[in-house]
Amino acid sequence: MNENFPEDFILMGFTKYPWLDVPLFFALLTSYMFTLLGNIAIILVSQLDSQLQSPMYFFLTSLSFLDLCFTTTTVPQMLFNLGGPNKNITYIGCMTQAYVFHWLGCTECVLLGTMALDRYVAVCKPLRYPVIMNHKLCWQLSSTAWLIGLANSLLQSTLTVQLPLCGNQELDHFFCELPGLIKMACVDTTVNELTLAVVATCLIMGPLSMILVSYSYIAQAVFRIPSADGRLKAFNTCSSHLLVVSLFYGPGIYIYMQPSGDSPQDLIKVLTLFYCVVTPMANPFIYTLRNKDVKGALRRLLRQAILSKRI
């Protein structure tokens, strides 16, 4: 076996708590099914319902597609390892997972910031909203988010892949993530850790600052709305996005924006599970339960499906 490039990695997960394998397997399987159903439903409704053709639902569709990819990158491999004694993942599979996971995670950071900008224009400049947030600009903003995520993943993951492992095969995590791979290296990783922390800070704090500034203006505009119904609708729409932002950014800030090794690894595993499994599952339900337009579109789609079967 080449010491720097082993054939397999052993994903340790919670192997020191073997009694967790079965309940965690079923919990992950259930959450994955809900993630698939919820996000596919959001995509279908946004595409098929003529009343949901605004920029907000364009970005919501992008987020749902991103969450589908994000959770599918990790959960099937986690289910495979939890469902039997084999905890291995191939070297190629591990590196591919690391590249794609980092790409999608960075993309979601930027996309959530873009969605806050969309809400700012919708609430603060409602008359010019269709003109400013035109279809071309929406595609450009969405594509930019994906390209920024890809560029950062190519940089960070390539730097990490080049680190010698000196025969280390045990990765103390559920899947292949850059901080865990960096810890496996047998050389000084200060440059890698510093690069990861600096870029993560920019990619987290940049969009987060845009979100906070956008919502400060949104709050001022909402309080100036004369009707109570108008204020409630604006609040429900924006609060859904803020809740999604909190669920995603909270664990990410804790994991990526502090010195390596300062936190218990088991806590990092739980937080990682939260933002790569729980958040993609919760997003469609947050937007659906707090949005009358989406609930109405779902009811119309279900009625059409039932009527078509009867005919």
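A residue counts as buried when its relative accessible area is under 20%. With 13% relative accessibility, Lys-87 is therefore a buried residue. That is a handy place to start walking through this predicted model, since Lys-87 also takes part in a salt bridge.

Let's follow that lysine to its partner. The side chain of Lys-87 meets the side chain of Asp-21 in a salt bridge, with 3.2 Å from N to O. The two come from distant parts of the chain: Lys-87 sits in the loop between α2 and β2, while Asp-21 belongs to helix α1 (residues 21-48), 66 residues apart. Is Asp-21 buried or exposed? Its relative accessible area is 18%, so Asp-21 is buried.

The loop that holds Lys-87 leads us to the sheet. Three strands make up an open sheet with mixed pairing, in the order β2-β1-β3. Its edges are β2 (88-90) and β3 (170-171), each of which pairs on one side only. Strands in a sheet are paired through backbone hydrogen bonds, in a parallel or an antiparallel way. For β1 (residues 8-11) and β2 the sense is antiparallel, over three bridges. Within this pair, Ile-10 is found opposite Asn-88 of β2.

Which helices meet these strands? Helix α2 (residues 55-82) packs on the sheet, where it touches β1 and β2, and its direction makes about 140° with that of β2. Helix α3 (residues 91-124) lies across β1, β2 and β3, and runs at about 80° to β2.

From the sheet we can follow α3 to another helix. It packs with helix α7 (residues 190-223) at an angle of about 20°, and the two axes are 8 Å apart. Angles under 35 degrees count as roughly parallel, and α3 and α7 are therefore roughly parallel to each other. Where α3 passes α7, the crossing is left-handed.

Now back to the charged pairs. How many salt bridges does a search of the whole structure find? The search finds three, and the Lys-87 and Asp-21 pair has already been introduced. In general, side chains of opposite charge can pair when their charged atoms come close. Another salt bridge joins the side chains of Arg-119 and Asp-118, at 3.1 Å from N to O. Both Arg-119 and Asp-118 are buried.

The remaining pair to visit is Asp-172 with Lys-269, whose side chains meet in a salt bridge at 2.7 Å, N to O. Asp-172 lies in the loop between β3 and α6 (178-184) and Lys-269 in helix α9 (residues 265-289), so this salt bridge ties together parts that are 97 residues apart in sequence. A relative accessible area of 37% makes Asp-172 partly exposed, whereas Lys-269, at 1%, is buried.

Two more residues round off the tour. Ser-157 has its place in helix α5 (residues 135-161), and its relative accessible area of 1% means that Ser-157 is buried. Which residues is Ser-157 in contact with, leaving aside its neighbours within four places in sequence? They are Ala-98, Tyr-99, His-102 and Leu-178.

Lys-233, in helix α8 (residues 228-256), brings us to the other end of the accessibility scale. Residues count as exposed over 50%, so Lys-233, at 55% relative accessibility, is exposed. Between Lys-233 and Lys-292 there are 8.9 Å in space, C-alpha to C-alpha, and the two are 59 residues apart in sequence.

Conventions: Residues are numbered from 1 along each chain as its sequence is written. This is a predicted model: local features need pLDDT of at least 70, side-chain atom pairs count only at pLDDT 80 or more; totals for chains, interfaces and linings use all residues. Side-chain values use heavy atoms; hydrogens and water are left out. Helices (H or I, at least four residues) and strands (E, at least two) are DSSP runs, numbered from the N terminus. Buried means under 20% relative accessible area, exposed over 50%, partly exposed in between (1.4 Å probe, protein chains only). Contact means heavy atoms within 4.5 Å. Two strands pair if DSSP finds at least two bridges between them. Axes are lines fitted to C-alpha atoms, for helices over the stretch in contact, and angles run from 0 to 180 degrees between N-to-C directions. A salt bridge is a side-chain nitrogen of Lys or Arg within 4 Å of a carboxyl oxygen of Asp or Glu. Angles under 35 degrees count as roughly parallel, over 145 as roughly antiparallel, 65 to 115 as roughly perpendicular and the rest as oblique. A crossing is left-handed if the near helix is turned anticlockwise from the far one by less than a right angle, and right-handed if clockwise.
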